[in-house]
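Visitor: I have a structure on my screen and would like a guided tour. Could you walk me through it, one question at a time?

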Amino acid sequence: MLIGCPKEIKNNEYRVGLTPASVKAYIQHGHKVLIESGAGLGSGIGDEEYVKVGATLVETAEEVWQKSEMIVKVKEPLPQEYPLMQEGQIVYTYFHFAADEELTKACLDKKIIAMAYETVQEPNGNLPLLKPMSEVAGRMAPLMAAFYLAKSQGGLGVLPTGVPGVLPANVVVIGGGTVGSNAARIAAGFGAKVTVLDINANTLEHLGNIMPSNVFTCFSDHVTLEASITEADIVIGAVLIPGAKAPKLITRELLNKMKPGAVFVDVAIDQGGCAETSRPTTHSDPIFIEENVVHYCVANMPGAYARTSTFALNNVTIKYGLKLADLGVEQACKQDSVLMKGLNMYKGILTCPPVGAAFGLEK
Ligand code: NAD
């Protein structure tokens, strides 16, 4: 199969779909790989490193998209890329369709085969291709929040670590999965008082067993959610219903009850965000203030730490990428029910029910 990797074009997105090790693996399996020149630079990977393992460099994204049977990238195709998508082409990347109707319609129109990293799912519910980016975003969230809690950034002016004689910040994490548990661990590491809310009792029990003693867990319902976030200095939104839009747990009215200057990092923004007031922001303009709460809603947080993220992502995507390339999408999905879950669209047909439900597109 001819596999292509274009340079990412999203604002401040420095990750790249393939590392040299992944390129080598595809080539060892008998495939050919095209890399757009400069695609790896943001992650500190020079063109020569790709050439050394057997990739062919091409000068333009157009050439990569036109020639490749499978595109491997990181972020969803952007409007400039819609015309480049080829009918029947496998596009193996993050899509987050449920949050983007225009993208959903464009991909259906172009009849691509959309293999979405974020919905590849193991029988126990784990999302192996989302996990490493969730680990990065989860660990970043308290660090970003700590920065924006500074008065000069519009925040409360509370140092989250506290100092002798002054209490640390009160951090509330909504959703105790991969993002939430990583966020809780880092926030706890710098000394904050952390509360994790979730609706899954097993998750709460697990967190109770493994987290440090300054992390508390609480079942999430309207009452506990309101009580927690009105007391919070930092709120981290980390909920997920796989493939679906994030539930709007924080209404404008509830946000109004938060401390003025509190920071809300809505990591779930890539699925639409878990507050009524959330809208996606970018690394070059990451925050806005609504109802006196600083909102950080960057939809591609791991892009900021591109080198770590690129290698972490490739560690997990290569296994399924090789299956798709070796067997073709039909056989690969037939043989592997985990990979099958990633199939969101097949040549103009929507195959992921939650995406259809988000836009009333069910057939
Ligand atoms: P996960 O499945 O590991 O965890 C989600 C948790 O949310 C689960 O424990 C679930 O029980 C809980 N949950 C669901 N509904 C809830 C509710 N109503 N109240 C409380 N808890 C609820 O998912 P994850 O990997 O941690 O991802 C979380 C979100 O972060 C996803 O939307 C993901 O796409 C997003 N994400 C964003 C970025 C970014 O750059 N912005 C990066 C990585 C992940």
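Visitor: Happy to start at the ligand. Which helices and which strand each supply at least two residues of the shell around the ligand?

Guide: Welcome, and please keep in mind that this is a predicted model. Two helices and one strand qualify by supplying at least two shell residues each: residues 131–148, residues 178–189 and residues 193–198. In the order of the chain, these are α5, α6 and β8.

Visitor: How many of the residues in that shell are nonpolar?

Guide: The shell has 35 residues, and the closest to the ligand are S134, G175, G177, V179 and M301. Set aside the eleven polar and three charged residues of the shell. The nonpolar ones then number 21.

Visitor: β8 supplies shell residues; what is the order of the strands in the seven-stranded sheet?

Guide: This sheet is open, and its pairing is mixed. β9 and β12 (287–290) have a single partner strand each, so they stand at the edges with one side left without a neighbour in the sheet. From one strand to the next, the twist averages 20 degrees. Read across, the order is β9-β8-β7-β10-β11-β13-β12.

Visitor: Which helix joins β8 and β9 in a β-α-β unit, and what is its handedness?

Guide: β8 and β9 (residues 215–219) are parallel and share five bridges, and V194 has V215 in β9 as its bridge partner. The helix of the unit spans residues 201–210. That makes it α7, in a unit that is right-handed.

Visitor: Within this sheet, which residue of β13 stands opposite F264?

Guide: Look at β11 (residues 263–266), which runs parallel to β13 and is joined to it by three bridges. Opposite F264 in β13 you will find H295.

Visitor: And what angle does α8 make with β8?

Guide: Two helices are worth a look here. α6 packs on the sheet, touching β7 (170–174), β8, β9 and β10 (234–237), and its direction makes about 170 degrees with that of β8. α8 (residues 222–230) also packs on the sheet, touching β7, β8, β9 and β10. Its angle with the direction of β8 is about 155 degrees.

Visitor: Is V298 buried or exposed?

Guide: V298 sits in the loop between β13 (293–296) and α10. Beyond its neighbours within four places in sequence, V298 is in contact with T281, T282, H283 and P286. A residue needs 20 or more C-beta neighbours within 10 Å to qualify. V298 has 26 inside 10 Å, so it counts as buried.

Visitor: Now for the sheet of eight strands: why do β3 and β15 each have one side without a neighbour?

Guide: The order in this open sheet is β3-β2-β1-β4-β5-β6-β14-β15, with mixed pairing. β3 (56–58) and β15 (349–350) each have one side left without a neighbour because they stand at the edges, each with a single partner strand.

Visitor: Which helix does the chain pass through between β1 and β2?

Guide: β1 and β2 (residues 32–36) run parallel and are joined by four bridges, with L2 opposite K32 in β2. The β-α-β crossover from β1 to β2 is right-handed, and its helix spans residues 20–28. That helix is α1.

Visitor: Last one: which residue of β4 stands opposite G4?

Guide: β1 (residues 2–5) pairs with β4 (residues 70–72) in the parallel sense over two bridges. I3 has M70 as its bridge partner in β4. Opposite G4 stands I71.

Note on methods
Residues numbered from 1 in each chain as written. Predicted model: local features only at pLDDT ≥ 70, side-chain atom pairs only at ≥ 80, totals over all residues. Near = placed C-beta within 6 Å. Nonpolar A, V, L, I, M, F, W, Y, C, P; charged D, E, K, R; others polar. Pairing = 2+ DSSP bridges. Buried ≥ 20, exposed ≤ 12 C-beta atoms within 10 Å, placed from the backbone. Contact = placed C-beta atoms within 7 Å. Right-handed = clockwise from strand over helix to strand, strands pointing away. Axes fitted to C-alpha atoms, helices over the stretch in contact; angles between N-to-C directions.
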